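Hi everyone, thanks for making time this morning. I'd like to walk you through a structure that may be new to you, so let's put it on the screen.

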4 protein chains.
Amino acid sequence: MYQNCIISVLLRVLCSKDRNTGRIFIVIKRNGAQKMVKKRISSEEVAKATKEALERRGVTIEDIAAIVYDMQLPYNEGLTIEHCTNSVERVLRKREVQHSVLVGIELDELAEKNLLSQPLQSIIESDEGLFGVDETLALGSVMTYGSIALTTYGHLDKNKVGIIKKLDTKIGNGVHTFLDDLVGSIAACAASRIAHRMRDLEEEGETFADIPPTVLGPKPKQKKENE
Amino acid sequence: MYQNCIISVLLRVLCSKDRNTGRIFIVIKRNGAQKMVKKRISSEEVAKATKEALERRGVTIEDIAAIVYDMQLPYNEGLTIEHCTNSVERVLRKREVQHSVLVGIELDELAEKNLLSQPLQSIIESDEGLFGVDETLALGSVMTYGSIALTTYGHLDKNKVGIIKKLDTKIGNGVHTFLDDLVGSIAACAASRIAHRMRDLEEEGETFADIPPTVLGPKPKQKKENE
Amino acid sequence: MYQNCIISVLLRVLCSKDRNTGRIFIVIKRNGAQKMVKKRISSEEVAKATKEALERRGVTIEDIAAIVYDMQLPYNEGLTIEHCTNSVERVLRKREVQHSVLVGIELDELAEKNLLSQPLQSIIESDEGLFGVDETLALGSVMTYGSIALTTYGHLDKNKVGIIKKLDTKIGNGVHTFLDDLVGSIAACAASRIAHRMRDLEEEGETFADIPPTVLGPKPKQKKENE
Amino acid sequence: MYQNCIISVLLRVLCSKDRNTGRIFIVIKRNGAQKMVKKRISSEEVAKATKEALERRGVTIEDIAAIVYDMQLPYNEGLTIEHCTNSVERVLRKREVQHSVLVGIELDELAEKNLLSQPLQSIIESDEGLFGVDETLALGSVMTYGSIALTTYGHLDKNKVGIIKKLDTKIGNGVHTFLDDLVGSIAACAASRIAHRMRDLEEEGETFADIPPTVLGPKPKQKKENE
Ligand SMILES: [Mg+2]
Ligand SMILES: [Mg+2]
Ligand SMILES: [Mg+2]
Ligand SMILES: [Mg+2]
């Protein structure tokens with residue numbers, strides 16, 4: 001499915017990339033002819049890998065939705081856990097979020113296997129308090145949901161709740177230096193979406209009781225209409 | 001239409017706000033009875049005020065779309081100025097963007113009228129090079145469109161083009177300390193939306209020539225469906 | 001002391017600014033001769049105005065230091081309130097922080113006097129929950145102290161303590177939409193400085209009990225040495 | 001020198017960390033007695049590793065200083081390449097910068113060796129245009145130098161110059177997805193420091209010709225005095 005290790009090394013010499021769009025053109029010379037081949041990871045593959053990575057690390061959509069629900073229930077009449085699950089699912093469709101999750105979990109797993117070089121291995125393994133790259137990575141996605149998401153993330157980072165607390169205190173059972181921040185950022189984004197939507201509902205004189213949870217979820221594929 | 005100045009001072013003593021949702025409850029005591037009244041600026045009012053503010057300061061949607069078009073054309077086959085106009089319109093529907101625009105233009109206009117206190121008046125009036133609040137404000141909206149928007153904004157800030165250049169050099173004709181950054185940030189956001197959409201189109205084997213410009217524009221009001 | 005209102009309007013037509021350094025050249029034509037005059041607000045003026053603005057709004061260095069002390073005491077052996085006061089003083093010497101404070105307090109005060117245009121007046125006056133520009137402004141300074149400062153700020157924004165709580169609930173006594181966030185951001189920056197310094201002390205086998213509080217304070221003016 | 005792989009796995013079960021300060025306590029049970037041992041990577045080790053990583057990837061302090069010099073010379077009278085080298089050295093002493101460099105280069109090198117899991121391997125290897133984590137990581141350090149650093153970074157990201165251009169176009173010779181952004185961010189930070197210092201000099205009626213380059217460099221170790 002993915003390009004083979006050896007082939008990738010050989011072909012890299014011949015490929016050229018467009019930085020703006022990320023398009024990669026692989027020029028394959030065969031029998032004197034040139035053929036342009038586009039090679040790229042599809043959005044679907046990235047989305048799938050993101051979900052699998054979270055599951056593999058013991059974090060379910062429901063775990064994250066539970067944090068969102070606890071935080072938003074007091075302010076949002078009619079909110080159900082289904083609204084929260086859908087909001088989390090939608091956040092996980094965002095490229096910035098997917099990329100952060102993939103990189104953060106990769107680093108946690110490499111640290112667990114002792115495959116990072118020193119001193120990075122020790123810094124990540126010990127969840128060094130002044131490290132900061134875990135927060136920076138999480139902020140990359142949090143920022144895209146505005147300032148409410150950002151302060152909510154800061155709150156979750158200090159007052160670890162639910163699955164975040166579990167990850168943070170599971171001493172000896174693995175490295176979660178990045179994962180706790182990623183989960184906090186996803187929860188913060190999903191909560192921010194709900195706060196913004198509540199505002200829209202209020203303007204219409206409605207509450208969450210009036211809308212089906214799927215409205216907050218991933219939008220169905222519809223390339224010819226408004227995103 | 002808006003709450004009267006004197007009344008607002010009197011009523012403020014009696015109002016209480018919910019920080020999370022922004023709901024304001026004004027408790028009016030009359031004949032011994034209490035009545036809860038919700039008072040809030042609607043999203044429509046804020047959207048309208050944002051557009052009017054830009055126009056009042058001499059910036060049209062088309063001016064901003066022209067910057068977007070110039071930046072994105074090389075990378076996006078089939079892109080038209082209409083796609084860009086629609087993308088700008090959509091960016092201007094975002095709350096973070098609207099609030100930044102309103103605050104920035106207000107400060108520019110107050111500085112023009114010499115109504116700010118010192119030393120802020122002199123700092124803004126002279127577009128002091130190390131000021132930075134204009135960039136910070138612009139970043140608030142840029143961040144919500146991810147890292148491509150951010151680097152594009154940085155580029156526009158250094159290499160002023162089109163209407164941004166005009167605003168920056170219109171010496172003596174008013175204060176545009178915030179406006180140039182706001183315009184740059186809106187253009188950067190609209191450009192980022194186009195780069196992301198191009199990617200989606202490529203996955204489907206399509207180009208912008210295949211989709212109507214309105215697809216990139218503000219979504220029609222549809223509170224019961226996916227946003 | 002400051003440039004007069006009328007003169008500034010007349011002279012603006014003749015002045016030219018260097019965007020990178022912020023240098024303003026005012027060209028005064030007199031008797032046919034040209035004379036280049038540099039006109040700029042000094043760092044001292046801005047620093048003084050920042051302190052005065054906070055005091056005028058009822059916030060003392062000690063109020064902010066108290067928040068820092070409460071947050072950092074559990075983690076920092078030997079920490080005294082004097083260390084915190086000095087750290088706050090130092091944070092207040094930073095340009096980014098000073099500019100944020102001046103702009104935020106200006107907007108609060110203008111809103112109190114009902115001098116902003118609508119709908120911004122109503123939005124700021126009511127501390128509209130989804131406004132976000134107050135957080136964005138505060139983030140401008142928080143960012144300069146790294147990710148610990150940022151999550152600490154998020155925590156303080158959600159769990160208002162000390163003077164922040166007082167400002168947030170002083171209903172009817174004025175507008176503090178920006179001030180509460182500014183105070184939170186200054187406290188977060190000062191706390192971050194202490195956490196980083198603690199780390200340095202530990203490496204030397206020392207605690208805060210070993211260093212005089214002034215070490216954390218503003219550095220004495222010394223232009224020929226390392227900043 | 002560094003903790004051994006096997007030992008680290010065994011001991012991890014017994015260690016406990018203080019999230020705020022990053023202190024790690026390793027409790028070693030031996031002959032029934034408990035002994036508290038502090039285990040932590042020193043700042044010196046991290047600083048040294050950062051410099052070595054850049055060198056290993058073919059980037060010298062002088063390469064970065066050259067970018068800074070080209071950008072700042074027009075605005076800063078008397079500026080020499082030595083001022084720039086010193087400013088870069090100082091930026092490289094900052095924890096946030098060091099951590100970003102270590103993580104970014106680690107990911108580039110792992111991608112070169114084809115040691116990342118899919119689809120992350122392909123995304124980083126191909127410097128996928130919409131990836132964004134490289135920019136986010138770079139932003140983590142850029143932010144700590146304020147908004148001038150940020151817009152300068154955005155400019156460098158779009159208009160690759162000097163060593164950045166070389167890294168970006170060195171097709172087939174390795175993965176530099178993170179490195180180009182890291183170099184841009186270090187240059188932007190060093191440039192921002194110079195712009196701020198120029199401002200201070202102007203207030204004293206001086207230029208860079210009046211101060212020795214080392215003033216901009218790393219401050220000598222002096223734990224009992226102001227940092
Ligand atoms: Mg973490
Ligand atoms: Mg500006
Ligand atoms: Mg506020
Ligand atoms: Mg890159």
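I'll start with one chain, move on to the metal sites, and finish with a chain contact and a few backbone details.

One thing to keep in mind from the start: this is a predicted model.

Let's get our bearings in chain A. Chain A has 10 helices and three strands. If you trace chain A along its sequence, the order reads α-β-β-β-α-α-α-α-α-α-α-α-α. So how much of chain A is buried? Of its 227 residues, 61% count as buried. And if you take the contacts in chain A with a separation of 6 or more, 64% of them are between residues 24 or more positions apart.

Now please look at a pair of helices in chain A. Two packed helices are described by the angle between their axes and the distance between the axes. Helix 9 of chain A, residues 162-169, packs on helix 10, residues 179-203, at an angle of about 170°, and the axes are 9 Å apart. Angles over 145 degrees count as roughly antiparallel, so that is the description for helix 9 and helix 10 of chain A. Which residues make the contact? Helix 9 of chain A brings A:Ile163, A:Ile164, A:Leu167 and A:Asp168, while helix 10 of chain A brings A:Leu179, A:Asp180, A:Val183 and A:Gly184. Sorted by class, this contact has five nonpolar, one polar and two charged residues.

Hold on to A:Asp180, and let's turn to the metals. Which residues coordinate the magnesium ion called ligand 1? They are A:Asp134, A:Thr177, A:Asp180 and A:Asp181, at 2.0 to 2.7 Å. The three aspartates use OD atoms, whereas A:Thr177 offers its O atom. Along the chain, the donors of ligand 1 are spaced D-x42-T-x2-D-D. Are these donors buried or exposed? Let me take two of them: A:Thr177 has a relative accessible area of 1%, and buried means under 20%, so A:Thr177 is buried. A:Asp181 also counts as buried, at 1% relative accessibility.

Let's go over to chain C. Here the magnesium ion, ligand 3, has C:Asp134, C:Thr177, C:Asp180 and C:Asp181 as its protein donors, lying 2.0 to 2.7 Å from the ion. Their spacing in sequence is D-x42-T-x2-D-D. C:Asp134 sits in helix 7 of chain C, residues 133-142, and C:Thr177 sits in the loop between helix 9 and helix 10 of chain C, so this pair ties together parts that are 43 residues apart in sequence. C:Asp134 is buried, with a relative accessible area of 1%, and C:Thr177 counts as buried at 1% too.

While we are in chain C, have a look at C:Lys165, which lies in helix 9 of chain C. C:Lys165 is partly exposed, with a relative accessible area of 47%. How far apart are C:Lys165 and C:Asp180? They are 15 residues apart in sequence and 8.0 Å apart in space, C-alpha to C-alpha.

Chain D has a magnesium site to show you as well. Ligand 4 is coordinated by D:Asp134, D:Thr177, D:Asp180 and D:Asp181, at 2.0 to 2.7 Å. The donor spacing for ligand 4 is D-x42-T-x2-D-D. Both D:Thr177 and D:Asp180 are buried.

Next, the contact of chain C with chain A. The size of an interface is often given as the accessible area lost when the parts come together. Between chain C and chain A, about 1,700 Å² is buried, and carbon and sulfur atoms give 68% of that area. Chain C puts 22 residues into the contact and chain A puts in 21 residues. Which three residues supply the most of the area that chain C buries against chain A? C:Leu130, C:Thr151 and C:Lys158 do, with 32% of it.

Last stop: the backbone. The peptide bond from A:Gln118 to A:Pro119 is cis, with omega near 5°, and A:Pro119 is in the loop between helix 5 and helix 6 of chain A. That loop also holds A:Asn114, which has a positive phi of about 60° although it is not a glycine. In chain C, C:Asp127 has a positive phi as well, near 50°. C:Asp127 is in the loop between helix 6 and helix 7 of chain C, and is buried at 6% relative accessible area.

That's my tour, and I'm happy to take questions!

Methods:
Residues are numbered from 1 along each chain as its sequence is written. Chains are lettered from A and ligands numbered from 1 in the order in which they are written. This is a predicted model: local features need pLDDT of at least 70, side-chain atom pairs count only at pLDDT 80 or more; totals for chains, interfaces and linings use all residues. Side-chain values use heavy atoms; hydrogens and water are left out. Donors are N, O and S atoms within 2.8 Å of the metal (3.2 Å for Na, K and Ca); water is not among the atoms, so sites may look incomplete. Buried means under 20% relative accessible area, exposed over 50%, partly exposed in between (1.4 Å probe, protein chains only). Helices (H or I, at least four residues) and strands (E, at least two) are DSSP runs, numbered from the N terminus. Axes are lines fitted to C-alpha atoms, for helices over the stretch in contact, and angles run from 0 to 180 degrees between N-to-C directions. Angles under 35 degrees count as roughly parallel, over 145 as roughly antiparallel, 65 to 115 as roughly perpendicular and the rest as oblique. Contact means heavy atoms within 4.5 Å. Ala, Val, Leu, Ile, Met, Phe, Trp, Tyr, Cys and Pro count as nonpolar, Asp, Glu, Lys and Arg as charged, and the others, Gly among them, as polar. Buried area is the accessible area (1.4 Å probe) that two parts lose on being put together, summed over both.
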